[in-house]
Amino acid sequence: MKISIAILALNEAANLRRTLPSVAWADELVLVDSGSTDETIAIAEEFGVKVFTEAWKGYGPQMNSAIDKCTSEWVFSLDADEEMTPELRAEIRALLAGTPEYEAYWVPRLNQVFGRWMRHGGQYPDYKLRLFRQGTARLPEDTEPHATPKWAGPKGKLRSDLLHYQYPTVALYLEHMNRYSSASVKLVLRRGRSCRRLMQFVAMVVINPALTFVWNFICRGGFLDGREGLLFHLYHSGYTSWKYAKAWEATREVTGKSST
């Protein structure tokens, strides 16, 4: 059975030289670009990728668009900063050479943060639903700022890792978390966590982030990932606080406008 790789990109020239060779074996490579100004498109075309250019619609809608453009029976959704290991490639090829038991498969992902592979603190195995039969899994389009494919049916699990070069620098991590926390505001408000009440504000902006740090860094062994683990879990707790603080701020701004 044939397989297509669905990729999103925006100025990913630095990553594609690593990512595309790892999936060059696939029957079809589809990339949806949202306006790159570097060599992203030129590099993709070197590898025979089918390139489409579309305005950014949000991660979910954009990846669904890439998936819809795939023509193979099976699809693997891949981020431009990820790399398929030879072991994962061999496992997928062996699976598709037979009769797959499931319509979709979880893939373990190993994340590199600040130059270190994160194996503790709940960061591994970071299972993602990435391999699925065309027409099954879809990404939610109006909730998460960085959604993953969803499928309600039974799912299998692969054993081999997908490598994710997630955050090479502290600056990039902080920039992403600032953007993601802003994008999460609508979801937070939809869940009724506006933090307008003082107790909810303290619980979500202060207590929840502190407990998140204790749980991941201490209880789940995040400290075993050294200084990088400390920085990652510390800043992740900050992100948790930011999204609720921004939800409170957005509600306050709307209330202020309605009272004028």
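1. Start in the loop between strand S1 (3–9) and helix H1 (13–23): Asn11 sits there. This is a predicted model. In it, Asn11 has a positive phi of about 55°, although Asn11 is not a glycine. Most residues other than glycine have a negative phi. Asn11 is partly exposed, because its relative accessible area is 37% and the buried class ends at 20%.

2. A second residue deserves the same check of its backbone. Cys195 is not a glycine either, and its phi is near 60°, a positive value. Cys195 lies in the loop between helix H6 (185–190) and H7. Its surroundings cover it: Cys195 counts as buried, at 1% relative accessibility.

3. One peptide bond should be looked at too. The bond from Tyr124 to Pro125 is cis, with omega near -5°. Most peptide bonds are trans. Pro125 is placed in the loop between S8 and strand S9 (128–133).

4. Now the overall picture. The protein chain holds eight helices and eleven strands. Its radius of gyration is 20 Å, close to the 18 Å that the globule rule gives for 260 residues, so the chain is as compact as a globular protein of that length. The C-alpha trace spans about 60 × 45 × 40 Å along its principal axes. Of the 260 residues, 50% count as buried. The accessible surface comes to about 12,800 Å², and 55% of it belongs to carbon and sulfur atoms.

5. How do the contacts spread along the sequence? Take contacts between residues at least 6 apart in sequence: 73% of them join residues at least 24 apart. For a sense of distance, consider Gly226 and Val30. They are 196 residues apart along the chain, and their C-alpha atoms are separated by 38 Å. Gly226 lies in helix H8. Gly226 is partly exposed, with a relative accessible area of 27%.

6. Next, the seven-stranded sheet. It is open, its pairing is mixed, and its order is S3-S2-S1-S4-S9-S6-S10. Strand S3 (50–53) and strand S10 (156–157) stand at the edges; each has a single partner strand, so one side of each is left without a neighbour in the sheet. Strand S6 (residues 104–107) runs parallel to S10, and two bridges join them. Within that pairing, Tyr105 has Gly156 in S10 as its bridge partner.

7. Strand S11 (residues 162–167) merits its own point. It is mostly covered: six of its six residues are buried. Which strands pair with S11? Strand S5 (residues 82–84) does so in the antiparallel sense, over three bridges. Here Glu83 has Leu163 of S11 as its bridge partner. Strand S7 (residues 109–113) pairs with S11 in the parallel sense, over five bridges. Here Gln112 is bridged to Tyr165 of S11. Strands of a sheet pair through backbone hydrogen bonds.

8. Aromatic rings come next. A search of the whole structure finds ten aromatic pairs. Trp117 and Tyr165 have ring centres 5.3 Å apart and planes at 65°, so this pair is edge-to-face. The pair links distant parts of the chain: Trp117 is in strand S8 (residues 116–118), Tyr165 is in strand S11, and they are 48 residues apart. Trp117 is partly exposed, at 25% relative accessible area. Tyr165 counts as buried, at 18% relative accessibility.

9. Another pair joins two helices. Phe201 and Trp248 are edge-to-face, with 5.2 Å centre to centre and 70° between the planes. Phe201 belongs to helix H7 (residues 198–219) and Trp248 to helix H8 (residues 226–258), 47 residues apart. Phe201 counts as partly exposed, at 22% relative accessibility. Trp248 also counts as partly exposed, at 28%. Elsewhere, ring pairs link Phe114, Tyr167, Tyr173, Phe232 and Tyr235 into a cluster.

10. Last, the cysteines. How many disulfides are there? The count comes to zero, with the cut-off for a pair of cysteine sulfur atoms set at 2.5 Å. A disulfide is a covalent bond between the sulfur atoms of two cysteines. The settings of two cysteines can be given here. Cys70 is buried, with a relative accessible area of 6%. Cys219 is exposed, with a relative accessible area of 51%.

Terms used: Residues numbered from 1 in each chain as written. Predicted model: local features only at pLDDT ≥ 70, side-chain atom pairs only at ≥ 80, totals over all residues. Heavy atoms only, no water. Buried < 20%, exposed > 50% of the residue type's maximum accessible area, 1.4 Å probe, protein only. Helix = DSSP H or I, 4+ residues; strand = E, 2+ residues; numbered from the N terminus. Pairing = 2+ DSSP bridges. Rg over C-alpha atoms; globule rule 2.2 N^0.38 Å. Contact = heavy atoms within 4.5 Å. Areas by Shrake-Rupley, 256 points an atom, 1.4 Å probe, with all protein chains shown as cover. Phe/Tyr/Trp six-rings, centres within 6.5 Å; stacked < 30°, edge-to-face > 60°.
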